Amino acid sequence: MKPALRHAYGVPGNPALNTEIIMSNINVETEYPIITVQRVEDDKRMDFLPSALGADYLYGERLIFSWLRELSNDYQGGYWHYYWLSNGAFYMAPDISSKLRLVWANNFFDGEMSADAAGIVATLYGLNHLSSITHSDMLIERYHGLCQHVGHHPESSLIWRAID
């Protein structure tokens, strides 16, 4: 089978992220399945939140936005992208080209990361918060599915530190 270059996060033209060589859908280094990321197309955005978060999707969306606002003074609102992961999980990330500084005194985190990584952090905090209220097995599974993806992210160490 011919090796293929994995396209990272559905973002064309980012050679810094497109460097992992894979065979089939198995990561050669870890032997775990590759979790692929697909950005939700504009015409499918209206269906995304109810599918991703269930009946509490409006509250869940607000929680994710609020968590990023709480974690970063750099975030001032704006358009967000939605992403489905091949393992059934998802995340949301703001459409910002600059890095965001996140600070969380409760775990002594202070660091800069891409908007994609900051969106993953905010989504994890939001999912944790919402699942603690709803006790939804679906949300708990999506939280753990997103955690699986973090291990493959180029900024995984920052993300882990931010959610520790």
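Two strands count as paired here when DSSP finds at least two bridges between them. With that in hand, let's take a close look at this predicted model, one view at a time.

**View 1. Strands β3, β4 and β5 form an open, antiparallel sheet.** The order of the three strands is β3-β4-β5. The edges belong to β3 (37–39) and β5 (90–94); each has a single partner strand, so one side of each is left without a neighbour in the sheet. On average, neighbouring strands are turned by 30° against each other, direction ignored. Strands of a sheet pair through backbone hydrogen bonds, either parallel or antiparallel. For β3 and β4 (residues 80–85), the pairing is antiparallel and runs over three bridges. To find your place in this pair, look for Q38, which stands opposite W84 of β4.

**View 2. Helices α1 and α3 pack on the sheet.** Helix α1 (residues 45–53) touches β4 and β5, and its direction makes about 55° with that of β4. Helix α3 also touches β4 and β5; its direction makes about 130° with that of β5.

**View 3. L102 and M113 have the most contacts inside the largest nonpolar core.** This core has 45 residues. Helix α3 (residues 115–134) gives the most to the core, with 10 residues. Which residues surround L102, leaving aside its neighbours within four places in sequence? They are L68, L71, S72, F109, D110, G111, M113, A118 and V121.

**View 4. R69 belongs to helix α2 (residues 57–71).** Is R69 buried or partly exposed? With a relative accessible area of 45%, R69 is partly exposed, because the class lies between the cut-offs of 20% and 50%. Not counting residues up to four places away in sequence, R69 touches Y75 and G77. L102, from the core view, makes a handy landmark: R69 and L102 are 33 residues apart in sequence, with 9.4 Å between their C-alpha atoms.

**View 5. T134 of helix α3 touches D56 and L139.** Those two contacts leave out residues up to four places away in sequence. T134 and D56 are 78 residues apart along the chain, and their C-alpha atoms are separated by 8.5 Å. The relative accessibility of T134 is 26%, so T134 counts as partly exposed.

**View 6. Two loop residues, F108 and H135, have a positive phi.** Most residues other than glycine have a negative phi. Phi of F108 is near 60°, and phi of H135 is near 60° too. F108 lies in the loop between β6 (100–104) and β7 (109–113), whereas H135 is in the loop between α3 and α4. Are these residues buried or exposed? F108 is exposed, with a relative accessible area of 79%, and H135 is exposed at 60%.

**View 7. Helices α4 (residues 137–150) and α5 (residues 156–163) pack against each other.** Their angle is about 140°, and their axes are 9 Å apart. Why are α4 and α5 called oblique? Only angles over 145 degrees count as roughly antiparallel, and about 140° falls outside the parallel and perpendicular ranges as well, so the pair is oblique. On the α4 side, the contact is made by Y143, C147 and V150. From α5 come S156, I159, W160 and I163. By class, the contact has six nonpolar residues, one polar and no charged ones.

How values were computed: Residues are numbered from 1 along each chain as its sequence is written. This is a predicted model: local features need pLDDT of at least 70, side-chain atom pairs count only at pLDDT 80 or more; totals for chains, interfaces and linings use all residues. Side-chain values use heavy atoms; hydrogens and water are left out. A nonpolar core is a set of buried Ala, Val, Leu, Ile, Met, Phe, Trp, Tyr and Cys residues joined through side-chain atoms within 4.5 Å. Buried means under 20% relative accessible area, exposed over 50%, partly exposed in between (1.4 Å probe, protein chains only). Helices (H or I, at least four residues) and strands (E, at least two) are DSSP runs, numbered from the N terminus. Contact means heavy atoms within 4.5 Å. Axes are lines fitted to C-alpha atoms, for helices over the stretch in contact, and angles run from 0 to 180 degrees between N-to-C directions. Angles under 35 degrees count as roughly parallel, over 145 as roughly antiparallel, 65 to 115 as roughly perpendicular and the rest as oblique. Ala, Val, Leu, Ile, Met, Phe, Trp, Tyr, Cys and Pro count as nonpolar, Asp, Glu, Lys and Arg as charged, and the others, Gly among them, as polar.
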